[in-house]
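I opened the model and went through it piece by piece. These are my notes.

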Amino acid sequence: MNTGDQTMQIREHQQIQWDDDLAHAEAAIPIIGRLYRERGVVVSLFGRPLLGQSPIGILKAHRYSRHIDEEPPSITETLSVLTALDWVNTPGVSVDIGQLLRQHRTSPVEETIADRLRRELAALSEAASNPSEPRDVVLYGFGRIGRMLARILVERAGGASALTLRAIVVKRRGENDLAKRASLLRRDSIHGPFEGSITIDTVNNTILANGTLIQVIYSDAPDEVDYTAYGLNDAIIVDNTGKWRDEAGLSRHLAARGASRVLLTAPGKGALPNIVHGVNDDLIADQPIITAASCTTNAIVPVLKVIEDAYGISNGHVETVHSFTNDQNLVDNFHPAERRGRAAGLNMVITETGAAKAAEKALPNLAGKLSGSAVRVPTPNVSLAILSLTLDQPVTAEDVNALLRSVSLEGPLRRQIDYIESPEVVSTDFLGSRRAGIVDGLATIATGGTNIVLYVWYDNESGYSRQVHRVLTAMAGQHEVRLPGAAARILEAAQ
């Protein structure tokens, strides 16, 4: 057989394999949707969500898993797990198929994947069988974060979701306000078009997005809204405006009829708890006012916690290279803040950041140990935090990277921390990330002493909004039950 014939056979084989994989991915989609809609089961592959993905998106998630597991699951194996989940009486849990298959391969227990699922689900049944009643959510303000949250809430509507987006509150900006608000939700220059359909009702001031009916309420003040007039009771108000940062200002939301709790999508002032989900969300409890800190704080605090717990941090500096934001000027003009009056799309702008101080609030052990500064740059989204740390013990880049990579895969912070090693990645590669921060392993600097430099990318809109959604879910009383989890490892060890 000549080289040309061999090449042709390889090409035909690869095409046949691709067509088979695509068919399996297409077969997986209705099962993934049914598991979520009917049982509240959310499936992922090494942290990459499969719900709402196209067949190509599902295959891309499998392709990515090569960076995580030396024996990554095939789409055929994934489909077999999905089929087993569909047959087994599965309560509302979050199932990481990649982790499940990896543990199953190395398990000393000889059993089918269906039997394993039954065994693990039996251990989790009590925790997973008590779903919370859905809570009404109101978005006060509809800017960048507000619209990202709306997309997430609509995406996760139905099934066992603990949250229902019921209304947004805005100031009326003109005669075509409703149409313009809907258009901004439908089209986004950074994150692309809305996945689904959006229609408006100008008589009743509503937006219908993929079956979620959203009431648009026009008001100039938070304490003037009567949510009960729209059938809303015990609602969580998410303030996306950032206009009020302290307890007195945010308490105005609680004066509105039908409102019970407030979440601020910005760092709070005074004694208000600044929550970084995965790190200090135990402080949420029944607090009436919660703040979700900042995008930068959410990106760096999980990484700082891992390093502090493992090696101890003596001191450090956080330098943020941050995309420009709406509070900067498009062209040179007056601005009350220093330097921010200069054209955002043309300049790098040195400015201040409260991320270091906010990090200390989330990690009290670091109080007085961190400083911070920031540079705004002419990019519309995705930022970079550079952590220059002096540790309590000497480390190597290899050890630190191995730790952070492991945490991103299996630790309790795996939804917050991602890890990548590629010499070609740039900021746009992290657009749409669902993690709070992504450690760039190849950029890590350590020479064997106590000094280390870490580079953490973050989508300051999408990644942060996912963290806000996690805080919201906890405020609604729903806590994720994961499979595989610690219970599975305990049971396995006992065999």
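**Helix α10 and its neighbours**

I started with helix α10, whose buried residues pack against α9 and against β14 (370–377). This is a predicted model, so I keep that in mind throughout. Helix α10 covers residues 355–362 and is mostly covered, with six of its eight residues buried. I listed the buried ones: A355, A356, A358, A359, E360 and A362.

Next I looked for a residue on the α9 side. I picked T297, which lies in helix α9 (residues 295–311). Is T297 buried or exposed? Its relative accessible area is 1%, so T297 is buried. I then asked which residues T297 is in contact with, leaving aside its neighbours within four places in sequence. The list reads V276, P302, A355, A358 and A359. I checked A355, A358 and A359 against my earlier list, and they are among the buried residues of α10.

**The chain as a whole**

I stepped back to the overall numbers. The secondary structure comes to 13 helices and 20 strands. I compared the radius of gyration with the globule rule. For 495 residues a compact globule would have a value near 23 Å, and the chain has 24 Å, so the two agree. The C-alpha atoms fill a box of roughly 75 × 60 × 55 Å along the principal axes.

I looked up burial next: 53% of the 495 residues count as buried. The chain exposes about 22,700 Å², and carbon and sulfur atoms supply 51% of that area. Then I took the contacts with a separation of 6 or more. Residues 24 or more positions apart account for 71% of them.

Charges came last in this pass. The chain has 49 positive and 58 negative charges. Their mean positions are 5 Å apart.

**Around T265 and N240**

I moved on to two loop residues. T265 sits in the loop between β10 (259–264) and β11 (289–291). At 11% relative accessibility, T265 counts as buried, since the cut-off is under 20%. What is T265 in contact with, its neighbours within four places in sequence left aside? I found I145, L149, V238, D239, N240, A293, Y464 and V468. I also took one C-alpha distance: T265 and Q215 are 50 residues apart along the chain and separated by 21 Å.

N240 was on that contact list, so I followed it, citing the same contact. N240 lies in the loop between β9 (235–239) and α8 (247–254). Its relative accessibility is 16%, so N240 counts as buried. Leaving aside its neighbours within four places in sequence, N240 is in contact with L139, Y140, G141, I145, G146, L149 and T265. I noted I145 and L149 for T265, and I note them for N240 as well. I then checked M148 against N240. The two are 92 residues apart in sequence and 11 Å apart in space, C-alpha to C-alpha.

**G463**

M148 came up again when I turned to G463. The C-alpha atoms of G463 and M148 are separated by 9.9 Å, with their positions 315 residues apart along the chain. G463 is found in helix α12 (residues 462–475). Its relative accessible area is 0%, so G463 is buried. Beyond its neighbours within four places in sequence, G463 is in contact with S433, R434, R435 and A436.

**Aromatic pairs**

How many aromatic pairs does the structure hold? I counted two. I took down the geometry of F430 and W457: the ring centres are 5.2 Å apart and the planes are at 25°, so the pair is stacked. The pair links distant parts of the chain, 27 residues apart. F430 is in the loop between β16 (417–420) and β17 (437–440), and W457 is in strand β19 (residues 451–458). F430 and W457 are both buried.

**Positive phi values**

I ended with backbone angles. Most residues other than glycine have a negative phi. F46 has a positive phi, near 50°. F46 lies in the loop between β1 (42–45) and β2 (48–49). At 3% relative accessibility, F46 counts as buried.

N210 also has a positive phi near 50°. I placed N210 in the loop between β7 (206–209) and β8 (212–218). Is N210 buried or partly exposed? At 37% relative accessibility, N210 counts as partly exposed.

Technical notes. Residues numbered from 1 in each chain as written. Predicted model: local features only at pLDDT ≥ 70, side-chain atom pairs only at ≥ 80, totals over all residues. Heavy atoms only, no water. Helix = DSSP H or I, 4+ residues; strand = E, 2+ residues; numbered from the N terminus. Rg over C-alpha atoms; globule rule 2.2 N^0.38 Å. Buried < 20%, exposed > 50% of the residue type's maximum accessible area, 1.4 Å probe, protein only. Contact = heavy atoms within 4.5 Å. Areas by Shrake-Rupley, 256 points an atom, 1.4 Å probe, with all protein chains shown as cover. Lys, Arg positive; Asp, Glu negative; His and termini not counted. Charge placed at Lys NZ, Arg CZ, Asp CG, Glu CD. Phe/Tyr/Trp six-rings, centres within 6.5 Å; stacked < 30°, edge-to-face > 60°.
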